[in-house]
Amino acid sequence: MEKYKNFKLVSYIRAYDIDEMTDNQIGEKIDSFMAEIHLDKVYIENHRGIVSIPKERMRAVKAIAESRGLEVAGGITCTTLVNGIRKPSIFDTYCYTDPAHKAEQLRLISELAEVFDEFILDDFFFTACRCEMCIEAKGKRSWKEYRLELMENFAKEAVAAAKKINPRVKYVIKYPNWYESYQECGFNPGKQKDIFDGIYTGTETRSPYSTQHLQRYESYSIMRLMEATAPGRNGGGWVDPFDCDSNMSQIIEQLQGTLYGKAKEMLLWNLPIFGGLTVLPAINKALRRIDDHLGKMGNPIGVKTWEPFNGDGEDQLYNYLGMCGIAIDPSPYFTPDATAVLFTESTAEEEDSIEKLEEYVRKGGNAVVTLGYFKKMYDKGIKDFTSVRLTGRHVIGGRYRIQNANSWNTIIEAYGKNPVMYEILDYKTNATNSNISVVADENNFPVMTEDNYGKGRFFLLNVPENFADLYKLPAEVIMSMAKHISMGQEVYLAGEPKFSLYAYDNNVYAAVSYNDTPRDLQIVVRNECKGIRDIESGTVYSEYKKLPEPNRMMDATTNIEEAPEYSYCVKLRPGQTLLFEIIR
């Protein structure tokens, strides 16, 4: 079967499968898989849980895969039971304080290095252990502080052990999809990126109803975050079919988001499970189309979102915004030359973030800070940017009033599907403008405020108490939010939520509908153009609506200059992707 042009398709064989199957059965599983879909490479695991595979068997399975023309690498899952003693740790991950646990993992790592020139850690290379040894060793430090140092040190020890056995070995760590919790469990990409030879990314977004509260945009955004973490060394993305039972197309959504994020490898975890799915031929067909898209896409771009190493707070918020038509480009590093930067509660992890924010806005940057960041910085200087103050009270409303400071004489009223709860913010009239307000009876309260500061603009986004309530907001509110957050971008989407935008630096874009019914979508283009072209069908959308231009606030004498905006209406079916370009 023909190779994919822009990525490798790879899979994984667990220690459980090797333990349960004969060599012939493993060969048959691989052959059956490859009859349905092209495969470039397979990772072969020597340990998971209480199952460990001897070196001799690993060499035999490696030979089976190589005889099919496949690249091979090793794998290990860091869950175990050492000496029959259970540790108080979720998933029974290793205890890296216990010398017996460390010795056992080093043994397994050394055996892998004897057999393979590359191997990967499944995403259990963390610890949540609170045994007596850990409690004593932690002392007065927080679990976060202790585990980050602990796992940094063991990573160095593990890599050294592998390199001693096989100096050529490429040792790769896979990071899971739950990026917002890394620090609490010792995942330490800020340090480990320089210890391991490569990283890999879990892009399983599965279901938003899982306890991980994942959002589907994350399959893309976490690829971008980890690529920014270790540029050029992010080996690929990794998905599984779990929690997709009611809608198998969600598997394809995960694959598409991962590959739109420019994954070098697409890993289907794992080979026996995916090989048993009747949708494998459909996955192959979808991957062929995605591969064609990738050949037309440049480098991903989007709104710079500062998600520092060990950031904590407002979990998944920028992925909720990514489901509201804004192309998000997260990075652990601040980007001072960006037209606009999004600061969330996680950004507050950087001790100098408020100083960088101040310098950035004074020099002409456009900063959008969320309520979480505002609260964290409340007594650390952020009050100088705005008259907004916290009240500790809350309001519920579903009617909105939009009156942007730069187009003050254009007033829009909008109604949401359901009432939404917000924190009540106080502000001073004419010191701050409330661009978007929620109306409750004969009162209204800020949803998005705007202030001038130096040469720049400062926006405060008051997100709903439940982030998922963003999906209840009317199209007009989403448009106003997206307009300001996406400053500096050529395109943003304006419509009801659950549309995502993927943007590239060669004037290519993809709009994806995650809605369950056909919906109209407004594609907003900044600066004059002749329309938008569907790259696949050649269809040109030339009818447009020109959006309101800036107008002065009553007796004011000036406006902030803005590019003219044109809205093109398209209708997308559930799960449909529109690959398009702007005709200039």
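**Getting to know this predicted model**

Me: Hello! Which residues of helix H10 are buried?
Reply: Welcome; please keep in mind that this is a predicted model. Ten of the twelve residues of H10 are buried, so the rest of the structure largely encloses this helix. The buried ones are Gln250, Ile251, Glu253, Gln254, Leu255, Gln256, Gly257, Thr258, Leu259 and Tyr260.

Me: How many Å apart are the end C-alpha atoms of H10, and what span should its twelve residues have?
Reply: H10 covers residues 249-260, and at 1.5 Å a residue its twelve residues should span 16 Å. The expected span agrees with the distance in the model, where the end C-alpha atoms are also apart by 16 Å.

Me: Thanks! Which residue follows H10 with a positive phi?
Reply: Just after H10 comes a residue whose phi is near 70 degrees. That residue is Lys262.

Me: How many residues apart in sequence are the parts that Tyr96 and Phe125 tie together?
Reply: The whole structure has 43 aromatic pairs. Tyr96 and Phe125 form an edge-to-face pair, with 5.7 Å between centres and 70 degrees between planes. Tyr96 lies in the loop between strand E5 and helix H4, and Phe125 in the loop between strand E6 and helix H5, so the parts they tie together are apart in sequence by 29 residues.

Me: Is Trp269 buried or exposed?
Reply: Trp269 and Phe242 make an edge-to-face aromatic pair, 6.0 Å centre to centre. Phe242 counts as partly exposed because its relative accessibility is 36%. Trp269 has a relative accessible area of 8%, and under 20% counts as buried, so the word for Trp269 is buried.

Me: Which strand holds Lys174, the salt-bridge partner of Asp123?
Reply: The side chains of Asp123 and Lys174 meet in a salt bridge of 2.8 Å, N to O. Asp123 counts as buried at 11% relative accessibility, and Lys174 is buried with a relative accessible area of 0%. The pair links distant parts of the chain, 51 residues apart: Asp123 is in the loop between E6 and H5, and Lys174 is in strand E7.

Me: Last one: which residues share a salt-bridge network with Lys483?
Reply: Glu565 and Lys483 form a salt bridge, their closest N and O atoms being 3.3 Å apart. Glu565 lies in strand E28 and Lys483 in helix H16, so the pair ties together parts 82 residues apart in sequence. Through salt bridges that share partners, Lys483 is joined into one network with Arg526, Glu562 and Glu565.

How values were computed
Residues numbered from 1 in each chain as written. Predicted model: local features only at pLDDT ≥ 70, side-chain atom pairs only at ≥ 80, totals over all residues. Heavy atoms only, no water. Helix = DSSP H or I, 4+ residues; strand = E, 2+ residues; numbered from the N terminus. Expected span 1.5 Å × (residues − 1). Buried < 20%, exposed > 50% of the residue type's maximum accessible area, 1.4 Å probe, protein only. Phe/Tyr/Trp six-rings, centres within 6.5 Å; stacked < 30°, edge-to-face > 60°. Salt bridge = Lys/Arg side-chain N within 4 Å of Asp/Glu carboxyl O.
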